[in-house]
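Dear colleague,

Please find below the structure for your review. A summary of the findings follows it.

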Amino acid sequence: MDMNMSSLYPEMRFSWEIKSVDALFCNGMTRVGDLSREAILQAIKDEDLSVLKEDVNRNLFNDKKFCKECVTTAVASTQNIDIIEEIIDFLTTASEETRGNVDASIKEALRSAVKVEDEHLVLGILDNFHNNKKIKTLTDMNELIEHAVYCAAVQEDSNILHSILKWNLSNKTKKFTHKSKAYAGSTGGPKINSGSLLYAAKKNDYERVKIMFRYGYRLERIEKITDPLKRIELFKAITSPAYIIATLENVNDVSSEFFCPVKKCFEFACEASAKAKNTPEYKREYQEIEHRCEDYAISLLEQCENLEEVETFLQTKTHDGITHKDANYIMAILDSRKKFVAHERFQYVLLKKFGETEFKEDYAARNQTLWIDMPWYLRFMHVLKQIPCYLLLFLFPVFSQCCPWSNPAGNGTISSRVPWFVRQWRVPLNRCIYTAFSYMMFLFFIILYVAETQPPIIYWIDIFTATWIMSYTCRDMGTAYFLWKLENPKPMQERRFFKRYLTFWHLYNLFADFFFLIGLLMKLVEYLMTAPDSSVHDLVDMNNLAAGGRILWGAAFSLAILKTIKVGIASKYFGPIILSMNHMMKDVLLFLMTFVVIMIAFACGVSYIFNMASGQQGSGSATRGVFTYFFWVLLQPFRGNPEYADVVDLPYNTTCLSSISSQRTNRNTLARCIVETMYNTSCIIKKLGDKSGSRVTHADISSCLIDREAGFGSFVHQPNYLKSAAVPMWAVYQFLVSVVLLRILIVMMTITYRRIYDDLDKQWKYARAYMGIQFFDHDSLLPPPFTFLSIVVLIFQLFSDCRKRRTGKNADNSIVDAMPDQTYATLIFQLLDGAKPTLKVGEKDWRKKSRKVSTNLGDKLIV
């Protein structure tokens with residue numbers, strides 16, 4: 001009988017065995033609760049909900065975890081909406097405690113339904129509870145929908161996600177408008193920073209991001225968020241390539257920013273880099289964001305099938321074929337996207353563009369050999385050919401863009417009347433050569449100054465030097481203006497300007513310009529005051545004025561000549577050395593700051609001790625000497641401890657010296673006086689007598705020195721007590737500086753050089769590109785002495801543009817100029833179509849969008 005019952009009810013037999021074991025090990029206390037839970041779950045699997053009617057089981061449903069477990073079992077085992085609804089109704093009416101578990105149970109039902117990939121079950125749960133008035137009083141339906149959307153995003157189920165959002169759209173009819181787009185499905189506007197969109201964007205899940213974006217989900221910056229972790233999560237979602245492309249696909253306007261997700265990636269990478277420096281506690285998270293944005297831009301670059309596509313991808317062109325100043329390759333270099341710049345495709349196209357003009361029709365560089373591929377004699381011949389072109393730069397205003405014969409025609413070509421040397425000006429490589437010519441002449445003037453050239457030649461050299469100094473100052477100001485015009489009127493963009501401009505070499509130029517300009521001003525004042533009719537000649541010390549000017553120009557000469565080392569960056573042999581020196585300046589600066597603090601600390605203590613030994617408290621006779629001695633230990637480590645005579649100018653016995661003025665002084669008298677001042681002559685005579693013919697050693701004579709350190713022992717009982725007190729302080733100082741700090745500096749420099757060497761290819765390629773980026777600006781000022789001619793042309797162009805704006809001649813063209821051409825936009829769509837995340841926008845869709853935009857702009861854009 002028992003065997004038959006056990007075979008019929010195996011679960012009961014198993015439960016009875018567990019009960020017996022628990023009774024044995026738990027002192028007769030049975031696990032009635034666990035047995036009841038197992039029975040309830042088994043009953044739910046069998047779709048038998050009669051156990052819910054038993055009062056003994058009601059207390060079990062007060063546990064939220066058990067309620068969720070029951071709902072999960074019902075969804076996974078039965079997938080019956082009636083069973084789920086009956087369980088929820090039971091929780092609603094059972095007790096106050098179970099009523100509080102309704103919201104969590106419904107969410108668990110939705111999560112389980114999404115997990116089993118049952119679309120009809122998910123929509124059925126939403127329909128039933130949406131129409132249930134009792135449920136609406138216990139939970140928020142919008143939260144349930146958002147929870148279902150989040151579960152679908154986590155499970156990466158696009159069909160269920162689309163169905164949920166479509167169901168929500170059909171059950172809410174009120175429309176709202178957000179950024180020129182109308183949406184239906186929410187009464188409170190677009191869903192900002194929803195957890196589901198945050199999750200999908202962080203995972204770079206483009207399919208789910210695209211679906212939610214089309215249904216009105218958005219991510220926006222909220223400055224009021226004080227939690228740094230939440231700010232990082234939001235920033236990580238906004239900067240994901242999936243969200244960038246989803247935004248790009250749904251924007252209505254056509255602009256260079258719209259058609260260039262690469263710029264967006266660069267902007268977010270720069271912002272992440274700045275945040276990593278400002279908040280080092282979260283440096284790793286922000287660096288991951290920076291690397292992800294840059295890697296995605298590289299993935300787009302690698303999808304280009306040929307160099308033509310790479311060249312189009314790296315530059316943004318307007319309808320007339322002119323390259324924007326904020327082209328992709330310029331932004332990548334200015335924003336320190338080193339990995340992107342060091343890519344082999346980027347490098348090849350950049351070097352190729354270095355030998356081309358802005359207009360392809362001007363210079364057939366595609367059929368010519370690149371500069372890097374030329375043999376040395378062809379390079380030399382090319383440089384010689386640029387000498388007459390450099391000398392003809394004074395004709396620049398005649399052939400500027402202000403003149404009608406220099407303006408491009410309607411098809412982007414330049415008239416054939418433009419001479420050949422004008423076309424040479426447009427080549428970035430030739431601009432670099434002209435700049436080198438001017439700087440070589442400037443160095444020649446410096447050499448003439450060092451050689452102390454005499455009048456009247458020196459006056460001509462002064463005029464030429466002043467012209468060069470003012471020209472270089474204007475060029476540096478032009479560089480700052482160029483970088484400033486790339487900014488937007490946002491605080492973040494202003495900080496990016498300072499990051500771009502305040503680099504090592506720009507600061508180097510600023511210091512050199514400052515020294516040159518102040519020295520030039522002092523030299524000009526000197527010329528004016530030395531004029532015969534000058535009335536202030538006697539009011540100013542001309543020697544001090546001339547000396548000050550020479551000091552400033554001497555420092556500026558050193559900076560100007562040292563700047564020629566920058567040329568070595570172009571070489572793969574000298575480039576790493578120069579880059580290492582540049583990066584080591586930061587290590588040296590940190591070392592000097594630490595050294596100065598330690599030096600001041602110990603020098604103050606030792607000088608305070610030695611000032612008492614001077615016998616005149618408050619005189620400070622040892623302070624200057626102690627600080628000087630402690631400073632130069634940096635270059636002379638392990639020096640002996642400072643003696644009192646080394647840091648204080650001790651007085652001599654002037655008895656003999658005073659008698660010289662009353663007698664006729666000769667060499668013998670002065671020598672005898674010096675000996676008597678420094679030595680005790682009677683002591684020396686006594687030493688000679690005691691030796692009785694034997695050799696007198698240096699120690700014997702040294703013992704006869706007059707003790708001029710009279711201060712020691714004057715205020716204490718032991719003679720050298722103060723000197724002995726300073727020795728331990730000096731020993732600790734020597735150990736910290738010579739043993740610890742100098743070794744740390746060596747290690748820091750070694751690490752810096754090793755970091756440059758390990759990443760040599762990327763660092764060197766980026767540094768070379770950054771050095772040459774200044775020559776890609778066709779509006780940059782000409783090199784000296786022709787700089788002022790280009791300034792005059794720019795002023796004339798400015799007045800001409802203002803006059804045209806007033807007359808309204810180019811009111812419509814200003815909008816069209818901001819547009820990229822169709823080739824560039826089509827290429828971007830093609831690259832995004834093959835990149836991960838996938839953006840499926842073909843040529844047909846692009847033409848449809850372009851045609852729509854063309855109509856809005858008065859058919860200015862020809863498709």
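What percentage of the 863 residues of the chain count as buried? In this predicted model, the figure is 43%.

Overall architecture

The chain is made up of 41 helices and four strands. Its accessible surface comes to about 47,800 Å², and carbon and sulfur atoms account for 59% of that area. Taking the contacts between residues at least 6 apart in sequence, 69% join residues that are at least 24 apart.

An enclosed helix

Helix α15 spans residues 241-249. Eight of its nine residues are buried, so this helix is largely enclosed by the rest of the structure. The buried residues of α15 are P241, A242, Y243, I244, I245, A246, L248 and E249.

A charged surface patch

K277, K283, K499, K586 and R755 together form a positive patch on the surface. One of these residues, K283, belongs to helix α17, which covers residues 283-302. K283 counts as partly exposed because its relative accessibility is 41%, a value that falls between the limits of 20% for buried and 50% for exposed.

Backbone features

Most residues other than glycine have a negative phi, and most peptide bonds are trans. Several sites in the chain may therefore merit your attention when set against that general pattern.

Two proline-proline bonds are cis. The bond joining P455 and P456 has an omega of about 5°, and P456 is situated in the loop between α24 (428-450) and α25 (457-485). For the bond from P784 to P785, omega is near 0°; P785 is placed in the loop between α37 (760-772) and α38 (787-807).

Positive phi values occur at Q79 and at N193, neither of which is a glycine. Q79 has a phi near 50° and sits in the loop that links α4 (64-77) with α5 (81-94). The phi of N193 is near 55°, and N193 lies in the loop between β3 (191-192) and α12 (195-202).

Are these two loop residues buried or exposed, or do they fall in between? Q79 counts as partly exposed, since its relative accessibility is 38%. N193, at 18% relative accessibility, counts as buried, because the cut-off for that class is under 20%.

With kind regards

Technical notes:
Residues are numbered from 1 along each chain as its sequence is written. This is a predicted model: local features need pLDDT of at least 70, side-chain atom pairs count only at pLDDT 80 or more; totals for chains, interfaces and linings use all residues. Side-chain values use heavy atoms; hydrogens and water are left out. Helices (H or I, at least four residues) and strands (E, at least two) are DSSP runs, numbered from the N terminus. Buried means under 20% relative accessible area, exposed over 50%, partly exposed in between (1.4 Å probe, protein chains only). Contact means heavy atoms within 4.5 Å. Accessible areas come from the Shrake-Rupley method with a 1.4 Å probe; for residues, only the protein chains shown count as cover. Patches are made of residues with over 30% relative accessible area and no salt bridge: like charges are joined within 9 Å, nonpolar side chains (Val, Leu, Ile, Met, Phe, Trp, Tyr) within 5 Å. A salt bridge is a side-chain nitrogen of Lys or Arg within 4 Å of a carboxyl oxygen of Asp or Glu. Lys and Arg count as positive and Asp and Glu as negative; His and the chain ends are not counted. The place of a charge is taken as NZ of Lys, CZ of Arg, CG of Asp or CD of Glu.
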